[in-house]
Structure formats: C-alpha cells, structure tokens
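Q: Please take a close look at one part of this model, starting from a single aromatic residue and working outwards to the core and the space around it. I would like the terms spelled out with their cut-offs as you go.

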Amino acid sequence: MSLISFNFFVFLLVVFLAYYCVKPAQKYILLIASLYFYSSVSAVTKWKLWAMILFIGTITYSGALLLARVKGKWKNIVLAGCISAMAAALVIFKYAHNVLAVLSALFHVSADFSWLKFSSVIGISYYALSAIGYLVDVFWDNTKPSGNPVDVFLFIFYFPQLISGPFSRFGEMYPQFVSRHGPDYSCITTGLRRMSWGYFKKLVLSERFGVIVSAVYTDYTSYSMVGITGATLCYAVQLYTDFSGCMDIISGASMLFGIRLPENFKAPFFSESIQEFWQRWHITLGAWFKDYLMYPLQKSKPVQSAGKWCRKKTGKKYAKKIPFYLSMMVLWFIIGVWHGGTGFYFIASAGIPCIYLIAGDLFCPVMGRLTERLHINTQCESWKWIRRIRTLLLICVCWMLVCSNGTVAFGAVVKHMLSSPAGFTAFHTAMEAFGLTYTDLLLMMGGVVLLFLSDLCVYCGETIFDVMDRQNFFVRTGLIYAEILIIFMHGMAGASSFIYFQF
C-alpha cells in the first residue's frame, strides 16, 4: 500500500471513521491500523515481520521498565544490552546481506546469503532509532517509562511516521496518544490541505525533475558541465519536493487524528551556511544524532583525553575544538552509513559536509577579517543571497555523488565536466530527449515559484496556509481546487516510490 495509492485513501478513511466513532479505544485503533499498514507495505514473510515487531517492541517496553528500576552499573548494562539488541536487529535486517556479499566477493568465497536479504523491511532505520531514543531518555530520566505496552508499540510503529520519519520523542507523542480527540474542523481541513500540497510536490514537481536527472546522469557523456550542473540542481528540487512532500502527506494524515508530528524541514534553501542548512534539512534526524550520539561522544573519556593530549601539543585554542571535530567526524560517518549501508559513496557524500563544517569553523576568523577589509556589507540582501547560492552549490557537490551512484562514477562525471565545460543543445532537442512537453515545463516553472513563495513564508515564520487563510474566500477556495485539479490532471502517479523509503 503506497502513500499515493487509492488503497491508502480507503485505509485512511476507515481508520478516520473508526477513530472518532469509538473514542475510548482511539490509541488501540491507531495501533491496529499501524500494524496492518506496516504489514501491507512490507513484502517480507509475515512471520519474520511479526517476529521483528515483537522483538523490537518487547525489548523497548521491558528495557525501559527495567531501566527505571535498576541503579548504578546495572543501569548501564541494561541500556547497553537493549541498544546492542536493537543495533543487531538493524544490522541483520539492513546491512548483513550487503556486507557479507562484499566480503565474499573480496575473498572469492562462494556462499549463498540470500536468506539474509530483507530489503522489503522498510522503515527499520527510523523506528529502531526512535526506540533507542526512548530508552536513552528513560536512562537519562528525561521521561518516565510507560507501563502500558500499547503506548510503547504505538510510539514505535505509529503508521504516518513509520517508514520515513520524522523522528519523534516519546515525551512529545505520549500525551497526544493517551488523550481522547474529538473531530476538530480546523485540524482536519489543515491536514487535508497539507496532504494535497505534499501530493502536488511529489506528483507534479518531483517526478518531472526526476526525469531530467535520470536522463542526464544515465548518459552524462552527452552533456557538458552546464548540462550536468543543471541536472544536479534539478536533483536538489527533486529530492526536496520528494522528501518534504512525503513529510507533508504523513503530517497531514496525522493531523486528521489530532496528532501533530515534529517538523522536518524549515526552508533549507534559504540557508546561508552549511551548518544552517543541516539545521533546516531533515531536522529531526540531525537532532536525534546530535542529542543521542554526538554530545555524549563529545563528553566521553576517550574524546576528552584526545583533547587534553592536543592541548599539550597545540595549545588551548585548538585543543578545545578537537573533541567537537572528532565527535562530528564520527557523527557524519554514521549518518553516511545510516543512509547508504555499504555504499561508500553515501559515506563520502556525508563526509564532504563534515569537511565543509570543520573548514568553515577554522577559517571563520580569516573570512571575517577579509570581509571587513574589503568593506563588504554582510547585512545586505545581496550578500545573503550570494551566501545562499554558495551553500546550495556546495551541497550539490555532495548530491552529485548520490546521482552518480558511486565514487568511481562520480570521478568519471567530474572528469567529463572538466573536459567539456560548455556545450549547447537545442532546447526542443533537450525536451524531446527528456520526454517532456511545454506543459510539463510550465508546471515545473510555476511549481518552483510556488515552492519559493511557500518556503519564503516558512522562513518568515508562517506557512503558506496562513497566507491563504487571509485571502478572500473565493480566492482561497479557487486556489485549493486548482491545486487538486492539477494533481488529478498532471500528477505522475505510479512513476516511482519516495526516495527516502530506501533508507
């Protein structure tokens, strides 16, 4: 059952009616719906799927209760055991097959590891980390464990955020799950409008820009640096509209039940630095890794010892930065592994932002003095847009690795770009090669303008829905129906799945 299928709408309608007709059992209805949804989207053998659900849910529920009771070193042992069990499940279901396949190829070992291939178990990267976050919060006494297993299982497997996030915290979701919700007109209508905006991003924009990306990178030797750069910028639009569109759909679906999910994007292309970009892009993933991995690692004894050793060698100025740099390198390495498993190009694409951040921090004083000597007004809009464009281009370098599907292929693409810096392809020829019409072009151009205006609203502290609500009733209604009509008439449904489902 895909989020863009008719079955999903029927499923959502049935759950919606049952949810509000049987108020005392709302969280039970959501749990049953979530388990059914997960079972329907996963093609893995059902008994394996249910065994995994019971394993992760039971470890999380019982581990949290045990953490609340034990003290001292036993508390550390329980946490380590629970996290190890969770990590083992994640490795087995996501990485084991690929790792063993790579090792067998390297050492020329003939073995069949097909029984370890669980590629259809989608979403485990998300809910396994959410479960670990809950256990760590209980360990730190940031939240109290629930004595009702339904609450814990619902938190882990809540269907809107099950397969692609966002990462939520038990403390923010539990009060919403245990509260009884009545149908709220404003919440429901906002949820439906947000879902339609998400479908517009995905079906009207993302799929069309994806056609250009696929065509260019499949046959990159036929294009110059200009063409490949344009395709990479198209990938930025494709990825953003795909992922943020998915977040809009699931956040809107969750709002139908009166439950709000944390925001995952905040106008990322308005960022003036790499650091700001990652604070606005996939916000909940970055927050999870910083809170549960980077900060604890930064305060750990090995990292602090490395900082003390550097203090003796380099002095206090740089020694203070060493723990931060070391923990950040580990953070980005794990983020790369999380995204791509054994694909080294994912690790490399995650390593480049780490280099950006460290270099930016080291050269920040130098750049500050340079802008001062050149008398650059860093507060004017033109300078801000220069910084935004620079940030986008730097991020696109990372995404070129992903588009190339490999570090070797990336090197070949870059080499070709340098050897063919400029080239001209007739516009109608390019359109025919991409299989796009002038109607598609108008939809893409208009969609990008709408996307810009929407993110501008977010950057200014409101949403595009807030702006629409201030308009005349006929204007507001006309825009809503126009959006729905465009989706039905020009939406490219069924062309592909959501990009982030693979993670």
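A: In this predicted model, Y158 is in contact (heavy atoms within 4.5 Å) with L30, S34, F153, M173, F177, S254, F257, I259 and L261, once its neighbours within four places in sequence are left aside. Residues are numbered from 1 along each chain as its sequence is written, side-chain values use heavy atoms, with hydrogens and water left out, and, as the model is predicted, local features need pLDDT of at least 70 and side-chain atom pairs count only at pLDDT 80 or more, whereas totals for chains, interfaces and linings use all residues.

Y158 is also among the residues that touch the most other members of the largest nonpolar core, a set of 135 residues in which L30, F37, Y127, F257, F289 and W399 share that distinction. Such a core is made of buried Ala, Val, Leu, Ile, Met, Phe, Trp, Tyr and Cys residues joined through side-chain atoms within 4.5 Å, where buried means under 20% relative accessible area, exposed over 50% and partly exposed in between, with a 1.4 Å probe and protein chains only. Helix α9, residues 225-255, gives the most to this core, with 14 residues; helices here are DSSP runs of H or I with at least four residues, strands are runs of E with at least two, and both are numbered from the N terminus.

Y127, another of these core residues, also lines the largest cavity, together with Y126, S130, F155, I156, Q161, L162, G165, P166 and F167. The elements that give two or more residues to this lining are α5 and α6, and α5 supplies the largest share, 3 residues. A cavity is a set of points on a 1 Å grid over the protein atoms alone where a 1.4 Å probe fits but cannot get out, and lining residues have an atom within 4 Å of a point. The largest cavity has a volume of about 40 Å³, taken as the space filled by probe spheres set on the points.

Two of the lining residues, G165 and P166, are joined by a cis peptide bond with omega of about 5 degrees, and P166 lies in the loop between α6 (149-157) and α7 (170-178). The loop between α5 (124-139) and α6 holds D141, which has a positive phi of about 65 degrees although it is not a glycine; D141 counts as exposed, at 62% relative accessibility.

Conventions
On a 1 Å grid over the protein atoms alone, a cavity is a set of points where a 1.4 Å probe fits but cannot get out, and a pocket is an open set with protein on both sides within 12 Å along at least five of seven lines; lining residues have an atom within 4 Å of a point.
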